[in-house]
Amino acid sequence: MKKRPVDLVVISDVHLGTYGCHAKELLAYMKSIKPKQVVLNGDIIDIWQFNKRYWPKSHMKVVKLLMQWISKGIRVHYITGNHDEMLRKFVGFKLGSFSISNKIVLPLHGKKAWMFHGDVFDVTMQHSKWIAKLGAMGYDSLILLNRFVNFISKKMGKGPVSMSKKIKNGVKSAIKFIGDFEQTAADIAIEKNFQYVVCGHIHQPQIRTITTEKGAVVYLNSGDWVENLTALEYHRGKWKLYQYSEDVNTQVDKYDVKDPLEDLEKNALFESLMEEFNNLEESNSY
């Protein structure tokens, strides 16, 4: 199947290693495109949840495909998030076309795009990390319950529902947090003279222009691969919000992603990751 060319792809909040991650759908999307450059904008691997020892084969296939992109010379920027904050120890690391950063600025057709995960704006993360981790566990449980509810709903001939979305949309404080997050990112970007500010973290896909008395900036959020199944694409000078649910040409049954579930022990997971890194390092040594 012919792959769709894309100049730049931004993916965030995949949460590999959790029950809520839609790795098969992400894998189908990744196999459908031919990117020149990729930004992984945080929370790709959910290191917080590794104690569950849950690592299906499809999750490993996402990592392997990323490694294949890197081995082909496709530039991949890994920006750290709060769920994969352990990788912040390796900020500055580079291997071939792969690099790890906390934030980056990319030039795009004469404009500057400021990219970072966004947890720096989260007061809970800054002052009460244990509360944030507890909340993450609760969120993951809610997603698992949501899958069961949707299974029953499908059997009854009804459509899927998002319990977490309904909770977010019904709680004024959650709506205010999202609004404050977007406004804060925009204010700083305008002050620093960036034309684009690209975030993740809040699982709210968005492309919109935010204007203040000091100027304007295009705020973008890549969403997630837990609920929304979205990504940002930049091609030929234009941004687009990719939505898996609206892409009739890229579905799981059209790609080789139907692998049986395979759980790995935590040590086996890291061994698999190290094996991929070693293969990549060898390919770059020639």
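## A walk through two sheets and a tucked-in helix

Let's start with a single pair of residues: N41 has I79 in β3 as its bridge partner. That little match belongs to a wider pairing, in which β2 and strand β3 (residues 75–79) run in the parallel sense and are joined over five bridges. Keep in mind as you look around that this is a predicted model.

What does a bridge tell you about two strands? Strands of a sheet pair through backbone hydrogen bonds, either parallel or antiparallel. Now zoom out from β2 and β3, and you'll find them in an open sheet of seven strands with the order β4-β5-β3-β2-β1-β11-β12. The pairing in this sheet is mixed. At its edges sit β4 (94–95) and β12, each of which pairs on one side only.

Next, look at what lies on those strands. Helix α1 lies across β1, β2, β11 and β12, and runs at about 140 degrees to β1. Helix α2 lies across β2, β3, β4 and β5 (98–101), and its angle to β2 is about 115 degrees. So you can spot β2 under both helices, if you follow the definition of contact used here.

Is α1 mostly buried or exposed? Eight of the ten residues of helix α1 (residues 23–32) are buried, so the helix is largely enclosed by the rest of the structure. The buried ones are A23, E25, L26, L27, A28, Y29, M30 and S32. And what covers them? The cover includes β1 (4–11), β2 (33–41), α2 (57–71), β11 (230–235) and β12 (238–243). In other words, strands of the seven-strand sheet, among them β1 and β2, help to cover α1, and α2 is part of that cover too.

There's another sheet to visit. This one is an open sheet of five strands, ordered β6-β7-β8-β10-β9, again with mixed pairing. Its edge strands are β6 (103–108) and β9, each pairing on one side only. From one strand to the next, the twist averages 25 degrees. Inside this sheet, β8 and strand β10 (residues 215–221) run parallel and are joined by four bridges. If you want a landmark there, find V197, which stands opposite Y219 in β10.

Follow the chain on from β8 and you come to a loop. H203 is found in this loop, between β8 (196–199) and β9 (206–212). Being in a loop doesn't leave H203 out in the open: its relative accessibility is 7%, so H203 counts as buried, the cut-off being under 20%. The side chain of H203 also makes a polar contact with the side chain of H15, at 3.3 Å.

Now for the cysteines. C199 has 0% relative accessibility, so C199 counts as buried. C21, at 5%, counts as buried because that value is under 20% as well. How many disulfides are there? The count comes to zero.

Finally, step back and take in the chain as a whole. There are seven helices and twelve strands. Of the 286 residues, 50% are buried. Among contacts with a separation of 6 or more, 70% are between residues 24 or more positions apart. As for the outside, the chain exposes about 14,900 Å², and carbon and sulfur atoms supply 55% of that area.

Technical notes: Residues are numbered from 1 along each chain as its sequence is written. This is a predicted model: local features need pLDDT of at least 70, side-chain atom pairs count only at pLDDT 80 or more; totals for chains, interfaces and linings use all residues. Side-chain values use heavy atoms; hydrogens and water are left out. Buried means under 20% relative accessible area, exposed over 50%, partly exposed in between (1.4 Å probe, protein chains only). A polar contact is a pair of N or O atoms within 3.5 Å; within protein, one must be able to donate a hydrogen and the other to accept it, and residues adjacent in sequence count only if both atoms are side-chain atoms. A disulfide is a pair of cysteine sulfur atoms within 2.5 Å. Contact means heavy atoms within 4.5 Å. Accessible areas come from the Shrake-Rupley method with a 1.4 Å probe; for residues, only the protein chains shown count as cover. Two strands pair if DSSP finds at least two bridges between them. Axes are lines fitted to C-alpha atoms, for helices over the stretch in contact, and angles run from 0 to 180 degrees between N-to-C directions.
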